[in-house]
Amino acid sequence: MRADGAGGRWIVPVLAFGGISVAVMQTLIVPVIAQLPELLHTSTSNASWVITSTLLSGAVATPIMGRLGDLYGKRRIVLLSLGLMVLGSLVCGFTSALVPMVAGRAVQGFAMGAIPLGIGIMRDALPPERLGSAMAFMSSSLGVGGALGMPLAAYVAQYTDWHVLFFGAAGIGALAMALVALLVPESPLRTPGRFDVLGTLGLTAGLVTLLLPISKGGDWGWGSGTVLGLFGSSVVIFIGWGLLELRTEDPLVDLRTTARRQVLLTNLASIMVGLAFYALTLVLPQLLQLPAATGYGLGQSMVVSGLCVAPMGIAMMLVSSLSARLSRARGPKVSLMTGLTILAVSYLAGTQLMSAVWQTVVLAVLIGVGIGIAYSAMPALILGAVDPSESGAANGLNTLMRSIGTSTSSAVVGVVLAHMTSPLGRTQVPNLDGFRTSFLIAAGAALLGLLIAAFLPSSSNRKSAEGRAPTGARGTARATTTHPQPANGQ
């Protein structure tokens, strides 16, 4: 399938809009995190499940949705992912009780699979000369939507009923579904085989036992029996799951492909980029909103703090095409290393850029540039090393690695800010040393990612920057082709 005509012009903006809508769903709750216990009439620990449930379901769903897309059609599963986002948003919009809110947020998390599936559709549909920039833009949509959604969500939360946040997310998701249904053709590529139910259950159990203690360790105690037991269980489960996948004819995750040097190192670097990315999102809003009486807080409103972070998303959007050109000229390895270098330098500089609002904006732009370049290089590296029939699952796994990085960042930075505090009236608030330590941790993660990326194969050149051709000798070994559908998918 090639989409060079009128329909092809809409594939990239429509799929990118879908990715941005998913990212907005993730961050829409951020402005009301502090008020959640009161809004839901529950404890702070219980209210945190509103965040944790989305994290867990998104991590589990991403590789699963990718595999389903490879088997049954990527466009079809994109529509399913967005439909679940709409359903979850409506559940949340009509409740103020904890249990249905957590359930709705868990259903929302399944939308995370839309982004790697969108990259897979682009690979199948677009000509090589358009593919690099399209994948770069789609890959950066997660950060773009998250950053741009924060000020909008803050405005809604500050001036209207907080349930409007979820109704707005449902409306955006429904619009994305309609656009995908009308303007995105189904990919004719299919992976023959069956869906790996046992592998899915094993991966789900492994991810839950890994990510749950990471996200809840601060509440439960990092040395508690529950946390240590879950971490130990995750190790045992993943070992058993890996052995099962190696013996399965049609595995959920092809571990032999995942173990290829280019795929493995890219995924490890993705964890580091995710860890570095989330530190800014956790630190800047608090720094901006703390009162000036602390001696370092900037005393801004919720809306202003969101507007100060928003330039990060704009920067990510603008540099995605630059990253694609750099990948074509020098290879995606160079793009990834460039982004990680900018990230490390920016966070080190950020330890001194905390005394004025304009400094936080500059920092957000610099971090956005680094994240945008790094994120945009990852799909090219992954798709340059896997068969077209595996593109959905491979990109889903890469997105999962980013999620693990952001989850780890949330836990680590959360511990730092909880322990490095200063008194403000009767409460304790994060102090300046805590913010600086968080940035140093992010810089260290970026430097470690840079070291990992340095060992990527130098053959990650222009060919891998655009991904393998979706047809031909290398792609037909496992892929099957159905008759292409028209641009409206009907």
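This text walks through the empty spaces, ring contacts and a few single residues of the structure. The model is a predicted one.

Start with the enclosed space. Rolling a probe the size of a water molecule over the atoms shows where empty space is left. Here the structure holds 1 cavity of 30 Å³ or more. The volume of the largest cavity is about 30 Å³. Its wall is made by L15, G18, G19, V78, L82, A114, M138 and V180. Two helices, α1 (6-27) and α5 (74-93), each supply at least two residues of this lining. The biggest share comes from α1, which gives 3 residues. Sorted by class, the lining of the largest cavity has 6 nonpolar and 2 polar residues, and no charged ones.

Now turn to an open space, the second largest pocket. Its volume is about 280 Å³. The lining of this pocket counts 16 residues. Nearest its centre lie L255, T258, L264, L397 and M401. Which elements give two or more residues to the lining of the second largest pocket? They are α10 (197-220), α11 (225-247), α12 (255-258), α13 (261-289) and α17 (391-419). By class, 14 of the lining residues are nonpolar and 2 are polar. Charged residues are absent from the lining of the second largest pocket.

Next come the aromatic rings. A pair of aromatic rings is described by the distance of the centres and the angle of the planes. A search of the whole structure finds 8 aromatic pairs. One of them joins W162 and F166. The ring centres of W162 and F166 are 6.1 Å apart. Their planes meet at 75 degrees, so the pair is edge-to-face; the cut-off for that class is over 60 degrees. Are these two residues buried or exposed? W162 has 8% relative accessibility and counts as buried. F166 has 0% and also counts as buried. The limit for buried is under 20%.

Another ring has a charged partner. R402 lies over the face of Y375. The distance from R402 to the ring centre is 4.2 Å.

A charged residue in a helix is worth a look too. D124 sits in helix α7, which spans residues 114-125. Its relative accessible area is 2%, so D124 is buried. What does the side chain of D124 contact? The partner is the side chain of K74, in a polar contact of 2.9 Å.

Two loop residues close the tour. H41 lies in the loop between α2 (36-40) and α3 (44-47). The phi angle of H41 is near 55 degrees. That is a positive value in a residue other than glycine. At 68% relative accessibility, H41 counts as exposed, because the limit for exposed is over 50%.

A293 is the other one. Its place is the loop between α13 and α14 (302-330). With 71% relative accessibility, A293 counts as exposed. Where along the chain is L424 relative to A293? The two are 131 residues apart along the chain. In space, the C-alpha atoms of A293 and L424 are separated by 8.4 Å.

Notes
Residues numbered from 1 in each chain as written. Predicted model: local features only at pLDDT ≥ 70, side-chain atom pairs only at ≥ 80, totals over all residues. Heavy atoms only, no water. 1 Å grid on protein atoms, 1.4 Å probe; cavity = no way out; pocket = protein on both sides within 12 Å on 5 of 7 lines; lining within 4 Å. Points joined across faces, edges and corners; volume = space filled by probe spheres on them. Helix = DSSP H or I, 4+ residues; strand = E, 2+ residues; numbered from the N terminus. Nonpolar A, V, L, I, M, F, W, Y, C, P; charged D, E, K, R; others polar. Phe/Tyr/Trp six-rings, centres within 6.5 Å; stacked < 30°, edge-to-face > 60°. Buried < 20%, exposed > 50% of the residue type's maximum accessible area, 1.4 Å probe, protein only. Lys NZ or Arg CZ within 6 Å of the ring centre and 35° of its normal. Polar contact = N/O pair within 3.5 Å; in protein donor to acceptor, adjacent residues only side chain to side chain.
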